[in-house]
Amino acid sequence: MILAIKLAYRNLIGAGLRTWLSVTVLSFSFVVIIFMKGVLTGWDRQAKTDMSNWEIGGGQYWQKNYDPYDPFTLNESHAPVPSELKDEITAGNIEPSLIVPGTIYPQGRLQSVVIKGINPRQSILLLPSHKLDTIADGIPAIIGSLMAKSLKASAGDHIMLRWRDANGTFDAGDIVITGIFSTNVPAVEAGQIYIPLEKLREIMMMPDEATILTFRDGMKTLTGLEGWILMTKDELTAPVDKMIKTKSAGQSILFGILLLLAMLAVFDTQVLSIFRRQREIGTYVALGYTRRQVVGLFTVEGTMHSVLAAIVSAAYGLPFLGWMAKNGWKMPVDTSEFGIAIAQTLYPVYSAGLILSTVLIVTLTTAAVSYWPSRRIAEMNPTDALRGRLQ
Amino acid sequence: MDNSPIIEIEKLVKKFPMGRGEFTALNGIDLRFKQGEFAGLIGPSGSGKTTLLNIIGSLDVPSSGTAVVMGRTIENLTARESAKLRKESLGFIFQSYNLLAVHTVYENVEFPLLLLNYTASERKKMVSDALEWVGLTEKIKSKPPQLSGGECQRVAIARAMVKRPSLVLADEPTANLDTANSHNILKTMETLNRELKTTFLFATHDDKVISYLRRKIFLLDGKVDKEEITSN
Ligand SMILES: Nc1ncnc2c1ncn2[C@@H]1O[C@H](COP(=O)(O)OP(=O)(O)OP(=O)(O)O)[C@@H](O)[C@H]1O
Ligand SMILES: [Mg+2]
């Protein structure tokens with residue numbers, strides 16, 4: 001085996017340009033696959049972290065009627081906060097939030113919004129809720145920057161808000177924008193305004209009620225809260241995984257094409273080798289190899305393309321991948337158009353598993369592609385091979 | 001010296017498929033060779049010299065009859081056994097040298113020893129001995145494409161001889177060489193034959209080669225036509 005590797009190495013280096021062509025394509029595949037997979041892994045992680053930081057904390061309890069995808073449920077999805085949780089709420093480890101539908105009238109236009117009441121002193125989410133803790137000539141409200149852009153609103157603006165309280169009575173008042181925040185998580189800003197929880201409870205006439213209860217990351221969860229459903233972080237971030245999986249499938253097509261190119265190069269080299277090097281094959285047999293061993297020799301030689309490629313990739317790929325992981329990859333598109341959390345700069349994350357499995361899969365594929373044409377050697381007549389007269 | 005024959009061929013027939021029928025390249029050959037012979041198969045093109053040499057070299061098998069080389073019956077050997085026979089006991093010299101182009105002279109000569117698992121120091125000694133036999137102590141770092149035909153053939157002889165095989169099979173070894181080089185090569189082989197008792201079996205129609213042979217076997221149409229033994 002060591003001899004085979006040595007021979008293969010000499011033959012490959014001896015073949016010069018052709019070898020480097022295949023090796024370049026292969027090494028490019030290595031780096032691209034690892035980089036793009038790394039971007040997805042980084043994205044997945046980042047999106048989940050952002051979601052946890054901005055939206056879901058360590059998980060939530062949902063009032064049993066709450067359905068974030070159906071705004072019509074918002075009228076029914078509120079209930080008094082369970083008394084079992086009072087202590088943790090006081091300690092700030094669980095933050096209740098009341099969510100109700102409303103309408104705003106920016107510059108006389110009408111727009112439906114979701115009004116979220118949050119505790120201005122909460123410390124579970126990154127929302128700058130402290131900006132609600134102020135005295136203003138209206139209801140203090142914070143909104144996201146995209147929302148602000150679409151409303152053409154800026155800090156200090158007054159906007160009329162209309163709501164329907166617990167008794168079904170319509171009422172209205174002015175909100176004052178006291179803060180605009182920017183976030184990577186569109187789900188916490190699109191069509192939403194945040195006002196102080198107690199104020200919302202008061203105007204809705206829903207004292208002590210909430211729609212969702214967000215708890216701090218790492219907290220022990222309770223199941224069997226009457227009328228509340230536990231939504232774990234994993235459940236809440238499942239859509240991220242799902243999206244990443246879809247993206248991953250899309251990537252696979254690209255990887256497939258890359259690999260196909262690389263494999264074509266290797267396959268072509270092998271076929272040509274076997275045709276051109278008949279005398280050499282015959283010589284190996286004359287010197288004491290069996291034909292199967294020569295098949296092995298050529299397979300090792302073909303497979304070595306990917307070993308060389310791995311080494312070449314390490315030479316330029318590792319610095320590149322490392323630089324990317326450190327400095328991030330600036331997304332060329334406006335990320336705010338994505339429906340899901342995505343930062344403008346993504347930091348790829350590469351695991352040892354990712355690198356190993358990529359190298360392994362590519363190497364095994366190369367081995368198979370190298371073996372396939374080499375099998376013919378086993379059927380060669382060594383005397384014909386020695387004369388180089390096989391077709 | 002051991003007097004049992006190194007090669008015993010009996011009623012050997014070799015047929016090749018040709019078109020719808022068969023072509024008989026060897027048609028009933030009976031031959032024996034003793035250790036230390038310097039013999040040659042002589043005959044016109046197509047008379048079956050290479051075919052016979054290939055069978056003796058276990059690169060091919062007879063269609064019928066039998067060929068026993070160093071006690072091993074060629075037609076009964078498995079792929080592994082015949083490879084072992086070639087690896088351990090046979091040396092080949094070809095008309096077109098068949099050196100490995102990407103390897104240096106040294107590596108080419110070393111190659112058979114790698115297959116036989118000699119240690120690095122043993123290999124070094126044996127390779128330099130072999131290169132000395134053929135008078136090629138310079139240029140050992142050159143690669144075959146940088147050598148002349150005569151030099152290439154000397155490398156090929158060194159490669160065939162390095163493991164000190166019992167039998168060397170040389171198929172038209174001088175066909176690509178000029179007169180001076182041919183004589184050089186032949187003298188080298190003659191010396192090796194004397195000093196190492198290596199059996200040489202040639203296939204040739206070159207008069208220069210023939211003049212060195214101590215036993216001449218004339219083939220015609222796949223049959224032994226006549227034999228001449230020169231004692232000297
Ligand atoms: N693999 C093969 N298939 C078909 N016919 C073959 C094959 N090998 C040899 N022959 C035929 O067998 C005959 C003997 O061939 P061989 O190569 O042994 O001749 P030779 O004496 O070595 O000739 P030369 O001096 O030209 O090398 C030739 O007619 C050749 O065409
Ligand atoms: Mg011939």
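Two strands are said to pair if DSSP finds at least two bridges between them. Such pairing runs through backbone hydrogen bonds, either parallel or antiparallel. In this predicted model, chain B offers an example: four strands form an open sheet in the order β2-β1-β4-β5, and their pairing is antiparallel. At the edges of the sheet lie β2 (21-33) and β5 (72-73) of chain B, each of which pairs on one side only.

The link between β1 (residues 7-18) and β2 of chain B can be followed in detail. The two strands run antiparallel and are joined by 10 bridges. Within this pairing, K14(B) has L26(B) in β2(B) as its bridge partner. A helix accompanies the sheet: α1 (residues 49-56) of chain B packs on it and touches β1, β2 and β4 (64-69) of chain B. The direction of helix α1 makes about 120° with that of β1(B).

Attention now turns to the nonpolar cores. In soluble globular proteins, nonpolar side chains tend to be buried together. The largest nonpolar core here has 69 residues, and L52(B) and L201(B) have the most contacts inside it. Helix α8 (residues 291-327) of chain A gives the most to this core, with eight residues. Among the residues that L201(B) touches are I7(B), F33(B), L53(B), I56(B) and L169(B). A second, separate core has 37 residues, including Y97(B), V105(B), A170(B) and L213(B).

Chain A, finally, is divided by its domain assignment into domain 1 (2-53 + 239-387) and domain 2 (59-216). The C-alpha centres of domain 1 and domain 2 of chain A lie 52 Å apart.

Definitions and conventions
Residues are numbered from 1 along each chain as its sequence is written. Chains are lettered from A and ligands numbered from 1 in the order in which they are written. This is a predicted model: local features need pLDDT of at least 70, side-chain atom pairs count only at pLDDT 80 or more; totals for chains, interfaces and linings use all residues. Side-chain values use heavy atoms; hydrogens and water are left out. Domain bounds come from an automatic or database domain assignment. A nonpolar core is a set of buried Ala, Val, Leu, Ile, Met, Phe, Trp, Tyr and Cys residues joined through side-chain atoms within 4.5 Å. Buried means under 20% relative accessible area, exposed over 50%, partly exposed in between (1.4 Å probe, protein chains only). Contact means heavy atoms within 4.5 Å. Axes are lines fitted to C-alpha atoms, for helices over the stretch in contact, and angles run from 0 to 180 degrees between N-to-C directions. Lists of a residue's contacts leave out its neighbours within four places in sequence.
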